[in-house]
Amino acid sequence: MRKPEASEKDILNQEEAIVFFGLSRQKFYKLLKEGKGLPFMALYGTRRLIIRTEFEKYLKAHPELRRRA
């Protein structure tokens, strides 16, 4: 049984989201630390998980999170 790719998952952990979307690590962690009630964040105990489809919508409105080319 193989491990599913990030593109196949509906919920990603923080590292998977950074790699999959090509995000600036520093900006992303700052957003998660300051942002309460973000529409793409789900809490599972103390873990912060990213809802992929909601985060894709958020990135369209906030492209500054992506790494510079």
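**Entry 1: a word before I start**

By contact, or touching, I mean heavy atoms within 4.5 Å. I also remind myself that I am looking at a predicted model.

**Entry 2: starting from Phe 20**

I picked Phe 20 as my way in and looked up what it touches. Leaving out residues up to four places away in sequence, I found Ala 6, Ser 7, Leu 12 and Arg 52. Phe 20 itself lies in helix H1. I then checked one of these neighbours, Ser 7, by distance. Ser 7 and Phe 20 are 13 residues apart in sequence, and their C-alpha atoms are 7.7 Å apart in space.

Is Phe 20 buried, exposed or partly exposed? Buried needs under 20% relative accessible area and exposed needs over 50%. Phe 20 has 35% relative accessibility, so I put it down as partly exposed.

**Entry 3: Glu 16, also in H1**

I stayed in helix H1 and moved to Glu 16. I read 18% relative accessibility for Glu 16, so this residue counts as buried. What does Glu 16 touch, apart from residues up to four places away in sequence? I noted Lys 9 and Ile 11.

**Entry 4: stepping back**

Now I wanted the overall plan. I listed three helices and three strands in the protein. Reading from the N terminus, I wrote their order as β-α-α-β-β-α.

For the extent, I took a box along the principal axes: the C-alpha atoms fill roughly 35 × 30 × 20 Å. The radius of gyration is 12 Å, and a compact globule with 69 residues would have one near 11 Å, so the protein agrees with that expectation.

I also looked at the surface and the inside. The accessible surface comes to about 5,200 Å², and carbon and sulfur atoms hold 53% of it. Of the 69 residues, 32% count as buried. Among contacts with a separation of 6 or more, 47% are between residues 24 or more positions apart.

**Entry 5: the sheet**

In what order do the three strands lie in the sheet? I read S1-S3-S2, an open sheet with antiparallel pairing. Strand S1 (11-12) and strand S2 (41-44) each have a single partner strand, so both stand at the edges with one side left without a neighbour in the sheet.

I went through the pairs next. S1 and strand S3 (residues 47-51) run antiparallel and are joined by two bridges. I found Ile 11 bridged to Ile 51 of S3, and Leu 12 bridged to Ile 50 of S3. So I can add something about Leu 12, which I met earlier as a contact of Phe 20.

S2 and S3 are also antiparallel, over four bridges. Among the partners I looked up, Leu 43 goes with Arg 48 in S3, and Tyr 44 goes with Arg 47 in S3. Between the strands of this hairpin there are two residues, and Gly 45 takes a positive phi near 70 degrees.

**Entry 6: helix H2**

Which residues of helix H2 (residues 25-34) are buried? I noted Phe 28, Leu 31 and Leu 32. Down the axis of H2, these buried residues fall within an arc of 95 degrees, so they line one face of the helix. A general point helped me here: an α-helix has 3.6 residues a turn, so residues three or four places apart point the same way.

On the other side of H2, I found Gln 26, Lys 30, Lys 33 and Glu 34 exposed. The buried residues of H2 pack against helix H1 (14-21), S2, S3 and H3.

**Entry 7: helix H3**

My last stop was H3, where the buried residues are Arg 52, Phe 55, Tyr 58 and Leu 59. Looking down the axis of H3, I saw that its buried residues fall within an arc of 115 degrees, so they line one face of the helix. Arg 52 is a name I already had, as a contact of Phe 20.

What covers the buried residues of H3? The cover includes S1, H1, H2 and S3. Turned away from that buried side is a face with the exposed residues Lys 57, Lys 60 and Ala 61.

I closed with the sheet once more, where S1 and S3 are joined by two bridges. Helix H3 (residues 52-61) packs on the sheet and touches S1 and S3, and its direction makes about 70 degrees with that of S3.

Definitions and conventions: Residues numbered from 1 in each chain as written. Predicted model: local features only at pLDDT ≥ 70, side-chain atom pairs only at ≥ 80, totals over all residues. Heavy atoms only, no water. Pairing = 2+ DSSP bridges. Axes fitted to C-alpha atoms, helices over the stretch in contact; angles between N-to-C directions. Buried < 20%, exposed > 50% of the residue type's maximum accessible area, 1.4 Å probe, protein only. Arc of directions from axis to C-beta. Rg over C-alpha atoms; globule rule 2.2 N^0.38 Å. Areas by Shrake-Rupley, 256 points an atom, 1.4 Å probe, with all protein chains shown as cover.
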